[in-house]
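Welcome, and please open the model in your viewer. We will go through it one selection at a time.

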Number of protein chains: 2
Amino acid sequence: MRTALARKGVRLTRQRRVLLDIMDQAEQHLTADSILERAQKIDPRVHRVTVYRTLEMLKSHGLLDELDLLHIHGHRHYYESHGPRDHIHVACLRCGKVREFESQLYEELKKQISLDCDLEITITRTEVGGLCADCRK
Amino acid sequence: MRTALARKGVRLTRQRRVLLDIMDQAEQHLTADSILERAQKIDPRVHRVTVYRTLEMLKSHGLLDELDLLHIHGHRHYYESHGPRDHIHVACLRCGKVREFESQLYEELKKQISLDCDLEITITRTEVGGLCADCRK
DNA sequence: TTAAGTGCAAATATTTTGCTGTCAC
DNA sequence: GTGACAGCAAAATATTTGCACTTAA
């Protein structure tokens, strides 16, 4: 993400370095709160407000996706860095497990939307909820 | 929605009657706040808490969908009654216009997810954002 | 040097909860 | 009659803003 930001002329501060590393290395979806927590373990001087402002900045540059995972766990938001390919979030509403899913069909659907609605697509978000095999037993 | 609720043994109160009518007749996506506003025009005794509790109840019965429309306008949520068919919300990030889109491809995608992830799907939500033709000019 | 970025405190927005009284069935 | 529901006040949660100070480029 660093190089992408540098190209856009965004200043790389100490705080942003910490936050970018966290987002790049995240192995799961993080909330603003858990991002702050991780950041403060690395550098206690990172402020909560800076987390919000940085997330907002990354979102506006399309480097970060914001999810709410169908509000399984209340109304908080989750963040993940925007990888090269879009994926769908598939969640079990009972156990809360979330899985990522990619599909050629999804790519085609987006193409269809873009053509039919005459829209130049910049963000997409698909979240699917239901009962997983284990929870149906 | 009334008959659907009666079948489930949910009590029909004065307040719920008002709220159900509003949701049934809504020609657009409403926020909790605008639902309250409309309700109080009909019956000023409807309380904000009741709006939240009723929305929650309708959601849990699958009669209502909750959207956030990609947070175009901050972090509020939008509600719409769940029609017979799923649709995708397509929004322009500049002018804020939201359009609904149905597609056979979407139905196939859901089928694929259900099979591949072994998930019994109960909710789906797809939101697509970009620049519409007018805003690209 | 200087404009962009940060920290702090406080405000704002949104939703939830405990408790008591009320009403649909 | 009674258990589900509503109203109220207050708490909890989540996010944003104004302003003065700091720092990357």
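Begin where chain B meets chain A: in this predicted model, eight salt bridges are found across that interface. To see one of them, select A:Asp68 and B:Arg125, which form a salt bridge whose closest N and O atoms are 2.5 Å apart. Polar contacts cross here too, with 21 residue pairs found between chain B and chain A.

Next, colour the elements of chain B that give two or more residues to the side touching chain A: strand S3 (88-92), strand S4 (98-101), helix H5 (104-117), strand S5 (119-132) and helix H6 (133-136). Which of them supplies the largest share of that side? It is S5(B), with 14 residues. If you colour this side of chain B by residue class, you will find 19 nonpolar, ten polar and eleven charged residues.

Stay with S5(B) and add strand S5 (residues 119-132) of chain A to the selection. The two strands run antiparallel and are joined by 13 bridges. For one pairing to click on, take A:Ile123, whose bridge partner in S5(B) is B:Gly129.

Now step back to view the whole interface. Here 40 residues of chain B are in contact with 40 residues of chain A. The area buried between the two chains is about 3500 Å², and carbon and sulfur atoms give 61% of it. Select B:Leu105, B:Leu119 and B:Arg125: this trio supplies 16% of the area that chain B buries against chain A, more than any other three residues. You have already met B:Arg125 as the salt-bridge partner of A:Asp68.

The last stop is DNA strand C. Show the 21 residues around it; A:Thr13, A:Gln15, A:Arg45, A:Thr50 and B:Tyr52 come nearest. Which part of the DNA do the protein's neighbours belong to, sugar or phosphate, or bases? Of the strand C atoms within 4 Å of the protein, 64% belong to sugar or phosphate and the rest to bases.

Zoom in on the phosphate oxygens. One is 2.6 Å from a side-chain N or O atom of A:Thr13, and the side chain of A:Arg16 has an N or O atom 2.9 Å from a phosphate oxygen. From chain B, a backbone N or O atom of B:Leu12 lies 3.2 Å from a phosphate oxygen of strand C. Helix H2 (14-25) and helix H4 (48-60) of chain A, together with helix H4 (48-60) of chain B, each give two or more residues to the surface near this strand. H4(B) gives the most, with four residues. By class, that surface has seven nonpolar, six polar and eight charged residues.

Conventions:
Residues are numbered from 1 along each chain as its sequence is written. Chains are lettered from A and ligands numbered from 1 in the order in which they are written. This is a predicted model: local features need pLDDT of at least 70, side-chain atom pairs count only at pLDDT 80 or more; totals for chains, interfaces and linings use all residues. Side-chain values use heavy atoms; hydrogens and water are left out. A residue is near a molecule or strand if one of its heavy atoms lies within 4 Å of it. A polar contact is a pair of N or O atoms within 3.5 Å; within protein, one must be able to donate a hydrogen and the other to accept it, and residues adjacent in sequence count only if both atoms are side-chain atoms. Ala, Val, Leu, Ile, Met, Phe, Trp, Tyr, Cys and Pro count as nonpolar, Asp, Glu, Lys and Arg as charged, and the others, Gly among them, as polar. Contact means heavy atoms within 4.5 Å. Buried area is the accessible area (1.4 Å probe) that two parts lose on being put together, summed over both. A salt bridge is a side-chain nitrogen of Lys or Arg within 4 Å of a carboxyl oxygen of Asp or Glu. Two strands pair if DSSP finds at least two bridges between them.
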